[in-house]
Amino acid sequence: MRRSLRERPGPVRVTLAEIRVRATVGDRRRGQLLIGPAVIPCALGAGGIVCDKREGDGGSPRGRFRLRGGAYRPDHLGLRPRTALPLRPTRPDDGWCDDRRDRRYNRPIHLPAPGISAESMWRDDGLYDVVIDLDYNRAPIRRGRGSAIFLHIARAGYRPTEGCVALARADLLRLLKRLGPRTHLRIG
């Protein structure tokens with residue numbers, strides 16, 4: 001049974017301490033994000049939830065992660081989404097280094113970056129219209145252990161991610177209102 005986050009009138013609510021994600025029985029690429037009694041469908045990595053994450057394995061890393069903040073695409077969303085998390089507008093030259101050979105591995109970079117493998121954060125498909133850094137493999141950064149693990153917008157039909165957790169756009173925008181710097185996401 002699916003329940004959604006309900007909008008309540010009144011003052012801004014306190015941010016959540018923790019949200020959980022678990023794999024769906026029978027399909028490890030699909031998941032459920034749990035917030036109290038609310039169950040929200042989500043997409044996981046094609047490899048399901050993994051304990052030993054490696055670059056390119058398609059797995060979503062098991063663990064408890066702080067939400068570092070993120071970005072939003074202003075030309076697609078207009079206004080900055082309401083959240084206590086730090087969010088900045090994405091720019092066309094924003095990228096994320098996924099090249100384990102580069103010293104900037106698993107960090108934001110400016111594009112173009114000739115000779116460096118990097119993901120564009122300015123995507124036309126809308127997946128990164130809102131993107132939250134899950135603080136996976138960030139302090140310290142271990143090369144080859146996975147990069148660019150985010151909470152972001154899901155593809156149609158909740159098709160698998162490369163290792164991120166992805167929600168329907170409306171669900172993510174509602175959830176953002178309850179997230180803050182002290183919120184953690186537990187995967188697995």
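Which residue of strand 13 does Val131 stand opposite? In this predicted model, Val131 stands opposite His152 in strand 13, and the two strands concerned, strand 12 and strand 13, run antiparallel and are joined by 3 bridges. The points below begin with the pairing around strand 12, continue with a separate account of the sheet that holds strand 9, and then turn to backbone geometry, cysteines and a loop threonine.

**Strand 12 and its partners**

- Strand 12 covers residues 130-133, and its side chains alternate in direction, with Val130 and Ile132 pointing one way while Val131 and Asp133 point the other way.
- Val130, Val131, Ile132 and Asp133 are all buried, whichever way they point from the strand.
- Strand 12 is also joined to strand 7, which spans residues 69-72, by 4 bridges, and these two strands run antiparallel.
- Within that pairing, Tyr72 has Val130 of strand 12 as its bridge partner.

**The sheet of strands 10, 9 and 11**

- An open sheet is formed by 3 strands in the order 10-9-11, and the pairing in it is antiparallel.
- Strand 10 and strand 11 stand at the edges with a single partner strand each, so one side of each is left without a neighbour in the sheet.
- From one strand to the next, the twist of this sheet averages 40 degrees.
- Strand 9 pairs with strand 11 over 3 bridges in the antiparallel sense, and the bridge partner of Cys97 in strand 11 is Ala118.

**Backbone geometry in the loops**

- Most residues other than glycine have a negative phi, and most peptide bonds are trans, which is the background for the next points.
- The peptide bond from Leu111 to Pro112 is cis, with omega near 0 degrees, and Pro112 is found in the loop between strand 10 (108-110) and strand 11 (118-120).
- Ala139 and Pro140 are likewise joined by a cis peptide bond, with omega about 0 degrees, and Pro140 is placed in the loop between strand 12 (130-133) and strand 13 (150-153).
- Asn137, which is found in the loop between strand 12 and strand 13, has a positive phi of about 55 degrees although it is not a glycine.
- Asn137 counts as buried because its relative accessibility is 5%, and the cut-off for that class is under 20%.
- Ala148 also has its place in the loop between strand 12 and strand 13, and has a positive phi of about 55 degrees without being a glycine.
- With a relative accessible area of 6%, Ala148 is buried.

**Cysteines**

- The count of disulfides comes to 0, and Cys97 accordingly is in no disulfide, the nearest cysteine sulfur being that of Cys164, 15 Å away.
- The sulfur of Cys164 has its closest cysteine sulfur in Cys42, and because the separation is 12 Å, that pair is too far apart for a bond.
- Cys97 is buried, with a relative accessible area of 0%, and Cys164 counts as buried at 4% relative accessibility.

**Thr90 and its contacts**

- Thr90 lies in the loop between strand 8 (87-89) and strand 9 (94-97), and because its relative accessibility is 4%, Thr90 counts as buried.
- Leaving aside residues up to four places away in sequence, Thr90 touches Ala71, Tyr72, Arg73, Pro74, Met121 and Trp122.
- Tyr72, one of the residues that Thr90 touches, is also the residue whose bridge partner in strand 12 is Val130.

Definitions and conventions
Residues are numbered from 1 along each chain as its sequence is written. This is a predicted model: local features need pLDDT of at least 70, side-chain atom pairs count only at pLDDT 80 or more; totals for chains, interfaces and linings use all residues. Side-chain values use heavy atoms; hydrogens and water are left out. Buried means under 20% relative accessible area, exposed over 50%, partly exposed in between (1.4 Å probe, protein chains only). Contact means heavy atoms within 4.5 Å. Two strands pair if DSSP finds at least two bridges between them. A disulfide is a pair of cysteine sulfur atoms within 2.5 Å. Axes are lines fitted to C-alpha atoms, for helices over the stretch in contact, and angles run from 0 to 180 degrees between N-to-C directions.
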